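Subject: Structure handover and notes

Dear colleague,

I am passing this structure on to you, and my notes on it follow directly below. Please read them with the coordinates open beside you.

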Amino acid sequence: MTTFDVNAARAQRTEALGRAWTFTIDGDTFEMPGELSRRTARALRELDDNDIDGLLRLLLGEKQFDRFDRHDVSMQDVAAILEAYGKATGLGLGEG
């Protein structure tokens, strides 16, 4: 029986998908993780289902979230960002 090498599998995913997923608003680029750590996933579970800012703060980090928060972004914009992020990374966020 062969041993499953987690590091090799992670490297393969990272090569295929990249380490991060990016999006832009008005020429300002933001980066979210291509994979979520268990710690981040646990923090996401503790958020209220309607805490969009909490979700974005976890995914973007404080510095990026502060920049993001300066933009006039609609809930439809946020939904589109999260949908594209989910499709690109396989992470379903905000899905009921």
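Let me begin with confidence, since the model is predicted. Within the protein, the lowest confidence falls in helix α1 (residues 6–17), with a mean of 78, whereas the highest falls in helix α4 (residues 62–69), with a mean of 97. Taken over the protein, the mean pLDDT is 89, and 93% of the residues reach 70 or more. Where pLDDT is low, the predicted coordinates should not be read in detail.

As for the overall architecture, the protein contains five helices and two strands, and these follow one another along the sequence in the pattern α-β-β-α-α-α-α. The C-alpha trace spans about 55 × 30 × 25 Å along its principal axes. Of the 96 residues, 27% count as buried, and the protein exposes about 7100 Å², of which carbon and sulfur atoms supply 46%. If one takes the contacts between residues at least 6 apart in sequence, 53% of them join residues at least 24 apart. On the electrostatic side, there are 12 positive and 18 negative charges, and the mean positions of these two sets lie 9 Å apart.

The interior is perhaps the natural next topic. The largest nonpolar core comprises 16 residues, and those with the most contacts inside it are Phe 23, Met 32, Leu 60, Phe 68 and Ile 81. At least two residues of this core come from each of β1 (20–25), β2 (28–33), α3 (52–60), α4 and α5 (75–89). To take one of these residues in detail, Ile 81 touches Trp 21, Phe 23, Ile 25, Met 32 and Phe 68, once residues up to four places away in sequence are set aside.

Next come the two strands and what lies between and beside them. Asp 26 is found in the loop that joins β1 and β2, and its phi is near 50°, which is a positive value in a residue other than glycine. Is Asp 26 buried or exposed? Asp 26 counts as exposed because its relative accessible area is 73%, which is over the 50% cut-off.

Thr 29, in strand β2, has a relative accessible area of 41% and is therefore classed as partly exposed. Leaving out residues up to four places away in sequence, Thr 29 touches Thr 22, Phe 23, Thr 24, Gln 64 and Arg 67. Thr 29 and Arg 42, by contrast, are 13 residues apart in sequence and 26 Å apart in space, C-alpha to C-alpha.

The contact with Gln 64 leads on to helix α4, where that residue lies. Gln 64 is buried, because its relative accessible area of 16% is under the 20% cut-off. Apart from its neighbours within four places in sequence, Gln 64 is in contact with Thr 29, Phe 30 and Glu 31. The C-alpha atoms of Gln 64 and Met 32 are separated by 9.5 Å, although these residues are 32 apart along the chain.

Finally, I looked at helix α5 and the segment that follows. Met 75 has its place in helix α5, and with a relative accessibility of 52% it counts as exposed. How far apart are the C-alpha atoms of Met 75 and Tyr 85, ten residues apart along the chain? The separation between those two C-alpha atoms is 15 Å. Gly 92 is found in the segment after α5 and is partly exposed, its relative accessible area being 48%. Between the C-alpha atoms of Gly 92 and Leu 82, which are likewise ten residues apart along the chain, the separation is 8.2 Å.

If you have time for one region, I would suggest opening the view on Ile 81, with its contacts to Trp 21, Phe 23, Ile 25, Met 32 and Phe 68, and then turning to Gln 64 and its contacts with Thr 29, Phe 30 and Glu 31.

With best wishes

Definitions and conventions
Residues are numbered from 1 along each chain as its sequence is written. This is a predicted model: local features need pLDDT of at least 70, side-chain atom pairs count only at pLDDT 80 or more; totals for chains, interfaces and linings use all residues. Side-chain values use heavy atoms; hydrogens and water are left out. pLDDT is the predictor's confidence in each residue, from 0 to 100. Helices (H or I, at least four residues) and strands (E, at least two) are DSSP runs, numbered from the N terminus. Buried means under 20% relative accessible area, exposed over 50%, partly exposed in between (1.4 Å probe, protein chains only). Contact means heavy atoms within 4.5 Å. Accessible areas come from the Shrake-Rupley method with a 1.4 Å probe; for residues, only the protein chains shown count as cover. Lys and Arg count as positive and Asp and Glu as negative; His and the chain ends are not counted. The place of a charge is taken as NZ of Lys, CZ of Arg, CG of Asp or CD of Glu. A nonpolar core is a set of buried Ala, Val, Leu, Ile, Met, Phe, Trp, Tyr and Cys residues joined through side-chain atoms within 4.5 Å.
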